[in-house]
Amino acid sequence: TISCNESNLKLIEKASYPNLKEERLGQSIYLVKYPPTMFIEEARGKEGQVGYGLWQIDSTMRYKSFSGFIEIEHGNPIGEQSDIENTVEKVRSIIHNKSVVWKIGITETGYYEATAFWNKLTLNASALTREGLDSMIAILSTLSSR
């Protein structure tokens with residue numbers, strides 16, 4: 001459920017441009033669509049976390065462009081969850097017919113980061129620019145399950 005003022009948040013449409021590839025996240029029921037300039041990489045944490053990073057294939061762009069992360073198994077993290085400490089804005093997107101609120105913050109290094117929660121999953125987007133962040137949110141919003 002979202003509150004009245006959250007329904008007025010800027011809506012970021014899910015990515016729907018041509019040539020998106022759809023890939024299953026490991027053995028999970030989740031799938032995501034992403035551009036051919038990116039790849040998905042599985043990441044496993046020491047406490048049982050399982051997630052999937054979306055990265056630029058071009059390594060020279062990897063830290064200048066946008067990236068995303070989808071955590072599907074949370075494990076037992078030690079300490080605080082990495083939540084955005086200074087939320088500067090909230091936006092929303094529709095994931096699998098459900099409205100999801102993204103908290104946006106700016107890191108000490110000037111990167112934009114956004115976090116959202118959907119179906120027990122934690123979604124993270126980061127980018128050097130605000131436009132890049134919206135693009136990554138749009139890509140992560142293609143998430144579906146079957």
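**Close-up A. Strands 8 and 9 run antiparallel in this predicted model.** Strand 8 covers residues 98-106 and strand 9 covers residues 112-118, and four bridges hold the pairing on record here. Look for Ile106: across from it, in strand 9, stands Tyr112.

**Close-up B. Helix 2 packs on the sheet.** This helix takes in residues 130-140. Its contacts include strand 5 (50-56), strand 6 (67-73) and strand 7 (87-95), and it touches strand 8 and strand 9 as well. Strand 1, strand 4 and strand 10 (121-127) are also touched by helix 2. Compare directions and you'll get about 150° between helix 2 and strand 10.

**Close-up C. Eight strands make up an open sheet.** Reading across, the order goes 1-7-8-9-10-6-5-4, and the pairing is mixed. At the edges sit strand 1 (11-12) and strand 4 (38-44), each with pairing on one side only.

**Close-up D. Tyr30 and Trp118 form an aromatic pair.** Search the whole structure and one such pair turns up. The ring centres of Tyr30 and Trp118 are 5.9 Å apart; their planes meet at 70°, so this one goes down as edge-to-face. The two partners come from distant parts of the chain, 88 residues apart: Tyr30 belongs to strand 3 (residues 30-34) and Trp118 to strand 9.

**Close-up E. How buried or exposed are Tyr30 and Trp118?** Tyr30 has 12% relative accessibility, so it counts as buried, the cut-off being under 20%. Trp118 is buried too, with a relative accessible area of 2%.

Methods
Residues are numbered from 1 along each chain as its sequence is written. This is a predicted model: local features need pLDDT of at least 70, side-chain atom pairs count only at pLDDT 80 or more; totals for chains, interfaces and linings use all residues. Side-chain values use heavy atoms; hydrogens and water are left out. Two strands pair if DSSP finds at least two bridges between them. Helices (H or I, at least four residues) and strands (E, at least two) are DSSP runs, numbered from the N terminus. Contact means heavy atoms within 4.5 Å. Axes are lines fitted to C-alpha atoms, for helices over the stretch in contact, and angles run from 0 to 180 degrees between N-to-C directions. Rings of Phe, Tyr and Trp (its six-membered ring) pair if their centres lie within 6.5 Å; planes under 30 degrees apart count as stacked, over 60 as edge-to-face and the rest as tilted. Buried means under 20% relative accessible area, exposed over 50%, partly exposed in between (1.4 Å probe, protein chains only).
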